[in-house]
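Please look through the structure below with its sequence at hand, and then follow the paragraphs from the surface to the interior and on to the charged pairs.

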Amino acid sequence: MQLEVIAIGGYEEVGRNMTAVNVDGEIVIFDMGIRLDRVMIHEDTDISKMHSLNLIEMGVIPNDTVMKHVEGEVKAIVLTHGHLDHIGAVTKLAHRYNAPIIGTPYTLELVKREILSEKKFDVRNPLVVLNPGETKDLTPNLSLEFIRATHSIPDSVFAALHTPYGTILYANDFKFDNFPVVGERPDYRALKRLGKNGVICMISESTRVDHEGKTPSEIIAANLLKNDLLGADNDGKGVVVTTFSSHIARIKSITEIAVKMDRIPVLLGRSMMKYCGIAQDIGIVEFPEGTRMYGDPSAIDSALRTIAKEGKENYLLIVTGHQGEEGAVLSRMATNKTPYQFEKHDQVVFSADPIPNPINAAQRYMLESRLKLLGVRVFKGAHVSGHAAKEDHRDMIRWINAEHIIPSHGDFNLTAAYTKLAEEEGYRLGEDVHLLRNGQCLSFERII
């Protein structure tokens with residue numbers, strides 16, 4: 001028996017996710033992500049011209065050189081969803097492995113865009129669609145099952161690798177949203193079935209495990225946005241909302257509120273157009289008739305010029321820049337680098353919290369301060385997380401009832417907090433819950 005989990009990235013930080021599972025020499029890689037905060041990569045930044053070795057040295061992408069010491073052949077690269085911290089390194093690393101890339105339709109459409117824009121490497125791995133609820137044989141001994149999850153991007157899944165020794169469940173990222181704005185509820189029945197049939201190991205995110213209770217549904221964020229936008233005195237004023245470009249459900253809610261306000265929704269930003277355009281093209285979401293999208297900087301400035309001329313009170317702008325990123329649309333607007341001029345009592349709604357690191361916090365503070373100096377009314381708090389909180393994780397641990405657990409997608413504070421929760425449910429550190437560092441391997445032949 002040979003069964004081992006190789007922690008390549010995401011075990012000492014939030015992001016840069018990459019894990020390999022080796023079953024008797026047949027290897028499956030889960031996710032290939034980047035660490036967004038390491039070089040201040042944000043929604044509108046392009047890393048396509050950078051070399052993988054430089055990015056590894058800078059800590060931006062996983063250091064997969066550990067795979068040189070793993071005996072076996074990679075049979076598949078499996079992607080759980082389309083966020084950059086899970087797919088952003090595909091264009092830099094996937095060509096090293098003679099294996100198909102497997103993902104849901106929306107995820108693979110995003111990967112196609114990344115591959116087309118890549119300048120350094122030629123990624124020719126076959127792209128294979130697997131829908132939630134479907135199972136695919138990878139080899140005579142391995143099969144892959146996608147289980148429907150909810151997260152802050154469409155088409156997210158739990159990935160279950162069925163092996164001769166039991167199932168490995170890769171659960172990165174998820175929340176339990178029973179009232180999703182886009183898509184369906186998580187497939188609880190499938191998760192509980194896995195638990196009854198036997199899971200040898202669960203690899204779980206720990207990003208929000210230190211938050212008490214349960215993460216609220218996305219419908220709560222939609223209602224908070226209604227309160228901020230429909231409940232504020234903004235008649236005759238400019239209204240701008242900023243959120244994650246990949247948060248299709250959130251953007252759908254904002255566009256629908258715009259219609260209720262008798263305003264035309266306008267999406268501005270390269271990434272905004274990419275994520276929303278793909279979601280609309282493949283039928284994941286339908287935005288209100290008349291919704292406009294602009295991605296190219298010159299097209300954005302032209303649209304803003306038209307909006308300023310026709311009257312900002314006729315439009316609701318949904319823009320990139322919620323973290324205060326330099327060069328994003330909102331930052332350019334706040335520094336008078338666009339034809340759109342903020343005026344006193346214009347409204348800006350932040351429908352995203354600052355990413356918790358000092359650089360992001362500083363940038364966001366600076367942006368908010370600039371807006372307030374212009375007399376803009378700043379609204380915050382219309383947001384709910386896409387990550388499970390402590391009691392969601394507790395439910396997951398109980399349903400899956402895995403023989404072993406490996407927390408991931410977090411720094412040591414978060415993975416240790418997850419370990420403490422697992423111990424509350426009867427696990428013991430070093431026995432059946434395991435803390436790994438990037439580059440370490442956990443061999444189950446020595447444990448079972």
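Phe179 counts as exposed, because its relative accessibility comes to 56%, and the cut-off for that word is over 50%. The model in which this residue is seen is a predicted one, and that should be kept in mind throughout. Phe179 is found in the loop that runs between strand S10 (166–171) and helix H5 (188–197). On the surface, Phe179 forms a nonpolar patch together with Ile219, Ile220 and Leu224, and the accessible area of these residues together is about 340 Å².

From the surface we can turn to helix H8, which covers residues 270–281. Its twelve residues, at 1.5 Å a residue, should span 16 Å, and the C-alpha atoms at its ends are 16 Å apart, so the expected and the computed span agree. Within H8, the residues Ser271, Met272, Tyr275, Cys276, Gly277, Ile278 and Ala279 are buried. What covers these buried residues includes helices H2 (84–87), H4 (105–117) and H7 (248–260), and also strands S13 (264–268), S14 (292–294) and S15 (315–319). After H8 comes Gly283, whose phi is positive, near 85 degrees.

Cys276, one of the buried residues of H8, has a relative accessibility of 0%, and Cys201 is likewise buried at 0%. How many disulfides does the structure hold? A disulfide is a covalent bond between the sulfur atoms of two cysteines, and to be counted here the two sulfur atoms must lie within 2.5 Å. By this rule the count comes to zero. Cys201 serves as an example, because the closest cysteine sulfur to its own belongs to Cys441 and lies 11 Å away, which is too far for a bond.

Charged side chains offer another way through the structure. Side chains of opposite charge can pair when their charged atoms come close, and the structure holds 23 salt bridges. In one of them, the side chains of Glu114 and Lys274 meet with N and O 3.1 Å apart. Glu114 lies in helix H4 and Lys274 in helix H8, so this pair ties together parts that are 160 residues apart in sequence. Glu114 counts as buried, because its relative accessible area is 18% and the limit is under 20%.

Another salt bridge joins the side chains of Glu145 and Arg193, at 2.5 Å from N to O. Because Glu145 belongs to strand S8 (residues 143–148) and Arg193 to helix H5, the pair ties together parts that are 48 residues apart in sequence. The partners differ in their cover, since Glu145 is buried with a relative accessible area of 7%, whereas Arg193 is partly exposed with 34%.

Lys380 forms a salt bridge with Glu368, and the closest N and O atoms of this pair are 3.1 Å apart. Here the parts tied together are twelve residues apart in sequence, because Lys380 lies in strand S17 (residues 377–380) and Glu368 in helix H11 (residues 358–373). Glu368 is buried, with a relative accessible area of 7%. Salt bridges that share partners also join Glu391, Arg394, Arg398, Glu424 and Glu425 into one network.

A last stop is Arg332, which is found in helix H10 (residues 329–334). Is this arginine, Arg332, buried or exposed? At 18% relative accessibility, Arg332 counts as buried. Leaving aside residues up to four places away in sequence, Arg332 touches Asp301, Gly327, Lys337 and Thr338.

Terms used: Residues numbered from 1 in each chain as written. Predicted model: local features only at pLDDT ≥ 70, side-chain atom pairs only at ≥ 80, totals over all residues. Heavy atoms only, no water. Buried < 20%, exposed > 50% of the residue type's maximum accessible area, 1.4 Å probe, protein only. Helix = DSSP H or I, 4+ residues; strand = E, 2+ residues; numbered from the N terminus. Contact = heavy atoms within 4.5 Å. Expected span 1.5 Å × (residues − 1). Patch = residues over 30% accessible without salt bridge, like charges linked within 9 Å, V, L, I, M, F, W, Y side chains within 5 Å. Areas by Shrake-Rupley, 256 points an atom, 1.4 Å probe, with all protein chains shown as cover. Salt bridge = Lys/Arg side-chain N within 4 Å of Asp/Glu carboxyl O.
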